[in-house]
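Work through the exercises below with the sequence and the 3D structure in view, and try each task before reading its solution.

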Number of protein chains: 2
Amino acid sequence: MATYRMVVAYDGAPFHGFARQPDVETVQGTIETALRKVLGAPVVTSAAGRTDAGVHALGQVMSFNSDGGLDPDSLMLRLNSMCGPVIAILAVEEAPAGFDARFSASARTYEYGIFTRQVPDPFARHTTWHFPYPLDRELMAKAASSMLGEHAFDSFGRVEEGRSPVRRVESIEIEHDGDLTTIRITADSFIQQMVRSIVGTLVQVGTGKTPPDEMDRILHARDRARAGPVAPPHGLFLVSVEYPEELV
Amino acid sequence: MATYRMVVAYDGAPFHGFARQPDVETVQGTIETALRKVLGAPVVTSAAGRTDAGVHALGQVMSFNSDGGLDPDSLMLRLNSMCGPVIAILAVEEAPAGFDARFSASARTYEYGIFTRQVPDPFARHTTWHFPYPLDRELMAKAASSMLGEHAFDSFGRVEEGRSPVRRVESIEIEHDGDLTTIRITADSFIQQMVRSIVGTLVQVGTGKTPPDEMDRILHARDRARAGPVAPPHGLFLVSVEYPEELV
């Protein structure tokens, strides 16, 4: 038995989300079907981020176990010919024993793009949220800083019954480049809809609707009804995943 | 009567080309229908480039005549709400009398993107040609230089019966940035499929299939069968149009 790691990019638009589901097309289902054809046996994959329907990835990480002796380069070639061009397998390599893309990950980074020009950009419409109003940078930066550190994030997402809502946000950066505002968040992991819920609330702060110090109160209220609307999925990208040095 | 000029961007994918046609959706048809609704009378537009089906624009220029007194800003807003987000009206302004987007233009610039990485990029697949083989920069640059100046371009495109195939290519640049090769051509005007036909031939040169000095012989043969295949439309963008100073 050997463990393999893959780096995967995908356009989330055509899929019913990442996670395998019966009867609908998902990213994981598409890749597992291809792996099964190539390897001649069912394969179960693990992934760093179970992205929601419509969410994209530039650097999703997946792992699986298989009998040894696979040639990673030819596997990559065959997977791409079956899954591309909507899904791109950017790397396949053997990983240290015990590596698991989901449970070994120490941090995930997501980016969310907001296009604020009044007139939409025909070429950014599938990968950014068109929100045609000015956003105040300083208010947003001030509000964002409340997210840093370890908190129960129930106000900003969904947690399965009995699971912890506590996550550690390592960094949150907001970049403004012309009409494009990009919010980049790194955390140990995320609860469902957490980035999009934080983005939706930060946008309300940016328009002046919500005062920046309200962000901290929303966080501590631990009540989803207090947060802003969830930003649409097509502006969100899983960009990279970090692992402890000994597993790289 | 006043003359108006518009700058327009569009994703060419959903349209049957730029030029108005009965019974099918085109970029010009969509914009003229919107103009007619806003202005309450049929409007005929002129455009700098009649882009083929699937070809995109970042800076197409169009013009039309109408009774004076239009407010360009509110016209732009209304057109965008009707035509967006696939078509974006980036500017509307009154133009000097006699301005015609097509006949006044002194030069057009097109860009063609080729993505050469073996694995396709899910996010570039609608806007670049995926050609997963290495391209030799020096061979391409040498071949491209044959295009400069005034020539009959029948080998690289279609000309209507009785029309001149002579065009003046002012510049042709090839940029390589990682896996992306961009070919940028400026000419007084272009015959149909000219950029894509030149690109298809330059790619054959870049792979070593066609020697670079063959480019000059293909040009002077004035025979379409001599050129390489026409590159696919989705890698091509009309990026900008130039006008004489007195009309700007």
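Domain bounds here come from an automatic or database domain assignment, and the model itself is a predicted one.

**Exercise 1.** Find which domains the assignment gives for chain A, and describe how they meet.

*Solution.* Begin with the bounds: the assignment places residues 2–103 of chain A in domain 1 and residues 111–239 in domain 2. Next, take the C-alpha centres of domain 1 of chain A and domain 2 of chain A, which lie 28 Å apart. The contact between them draws 12 residues from domain 1 of chain A and 12 residues from domain 2 of chain A. Finally, turn to the area, where the two domains of chain A bury about 880 Å² between them, with 57% of it on carbon and sulfur atoms. On the side of domain 1 of chain A, the most area is lost by Asp52(A), His56(A) and Leu58(A), which together make up 54% of what that side buries.

**Exercise 2.** Identify the salt bridge across the interface of domain 1 of chain A and domain 2 of chain A.

*Solution.* The rule finds 1 salt bridge across this interface. A candidate pair needs a side-chain nitrogen of Lys or Arg within 4 Å of a carboxyl oxygen of Asp or Glu. Asp52(A) and Arg196(A) form a salt bridge, with their closest N and O atoms 3.2 Å apart.

**Exercise 3.** Work out how chain B is related to chain A.

*Solution.* A turn of 180 degrees, with a shift of 0.0 Å along the axis, lays chain B on chain A with an RMSD of 0.0 Å. The two copies are therefore related as by a two-fold rotation axis. In chain B, the C-alpha nearest that axis belongs to Phe123(B), 5.1 Å from it.

Terms used. Residues are numbered from 1 along each chain as its sequence is written. Chains are lettered from A and ligands numbered from 1 in the order in which they are written. This is a predicted model: local features need pLDDT of at least 70, side-chain atom pairs count only at pLDDT 80 or more; totals for chains, interfaces and linings use all residues. Side-chain values use heavy atoms; hydrogens and water are left out. Contact means heavy atoms within 4.5 Å. Buried area is the accessible area (1.4 Å probe) that two parts lose on being put together, summed over both. Copies are superposed by least squares on the C-alpha atoms of residues with pLDDT of at least 70 in both.
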